[in-house]
Amino acid sequence: MSRRRFLVRSLALASAAAARLSLAAAVAPTAAIVPVVRSEEEWKKRLTPAQFSVLRHEGTERPFSSPLNDEKRNGTFTCAGCDLPLFESRTKYDSGTGWPSFWDCIAGRVATKVDYRLVWPRTEYHCARCGGHQGHVFDDGPKPTGLRYCNNGVALKFVPA
Ligand SMILES: [Zn+2]
């Protein structure tokens, strides 16, 4: 193979690989997750007042108020709005903050936005399927990610394994 042909071929392979990667990135979340869209009234009927406040209006539950703080069994934490699995119990840890805390989420299950409700910007995250607010993610978590997903317990349901 001439050097030129080799280069052309390498470039073609590389761009094909890049196309596959970007296709996977673009397709995977939407293919796996069909958005759940409901009106305010529908959500109000389905959720408890506390769930509605947190999930639909970015409320914050009182610290140390959630029974999920002490949940140590093996299982999955799902969105209280639409049951999408968001966290695995192996990533839960005691952050001492009074809210259920995780050092990682299940890939692709939460989406983030910057929240300016307090003076300093925080990263808000919500369920990728129903948009329900879950909590905020900070960079003071433990290894291996260094992240702390600080979650409202009322926005989650625990499903034992
Ligand atoms: Zn959800």
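Helices (H or I, at least four residues) and strands (E, at least two) are DSSP runs, numbered from the N terminus. This is a predicted model, in which local features need pLDDT of at least 70, side-chain atom pairs count only at pLDDT 80 or more, and totals for chains, interfaces and linings use all residues. Residues are numbered from 1 along each chain as its sequence is written.

**Exercise 1. List the elements of the chain and work out the strand order of the open sheet.**

Step 1. Let's start with the inventory: the chain holds three helices and nine strands. Read from the N terminus, they run α-α-α-β-β-β-β-β-β-β-β-β.

Step 2. Now pair the strands; two strands pair if DSSP finds at least two bridges between them. Six strands build an open sheet with antiparallel pairing, in the order β3-β4-β8-β7-β6-β5. β3 (92–93) and β5 (110–115) are the edge strands, each pairing on one side only.

Step 3. Zoom in on one pair: β6 (residues 122–127) and β7 (residues 133–138) run antiparallel and are joined by four bridges. Within this pair, Tyr125 has Gly135 of β7 as its bridge partner.

**Exercise 2. Decide whether Asn74 and Gly153 are buried or exposed, and find what each touches.**

Step 1. Recall the cut-offs: a residue is buried if 20 or more other C-beta atoms lie within 10 Å of its own, exposed if 12 or fewer, and partly exposed in between, with C-beta atoms placed from the backbone.

Step 2. Asn74 sits in the loop between α3 (49–57) and β1 (75–79). Asn74 is exposed because it has 9 C-beta neighbours inside 10 Å.

Step 3. Gly153 belongs to the loop between β8 and β9 (156–160). Gly153 is buried because 25 other C-beta atoms lie within 10 Å.

Step 4. For contacts, the C-beta atoms of two residues, placed from the backbone, must lie within 7 Å. Leaving out residues up to four places away in sequence, Asn74 touches Ser89 and Ala161, while Gly153 touches Glu61, Ser66, Pro67, Leu68, Asn69, Trp99 and Pro100. Gly153 and Ser66 are 87 residues apart in sequence, yet 5.2 Å apart in space, C-alpha to C-alpha.

**Exercise 3. Describe the largest nonpolar core.**

Step 1. A nonpolar core is a set of buried Ala, Val, Leu, Ile, Met, Phe, Trp, Tyr and Cys residues joined through C-beta atoms within 7 Å.

Step 2. The largest one has 22 residues, and Cys127 is among those with the most contacts inside it. Two or more residues come from each of α3, β1, β2 (85–88), β6 and β8 (148–151).
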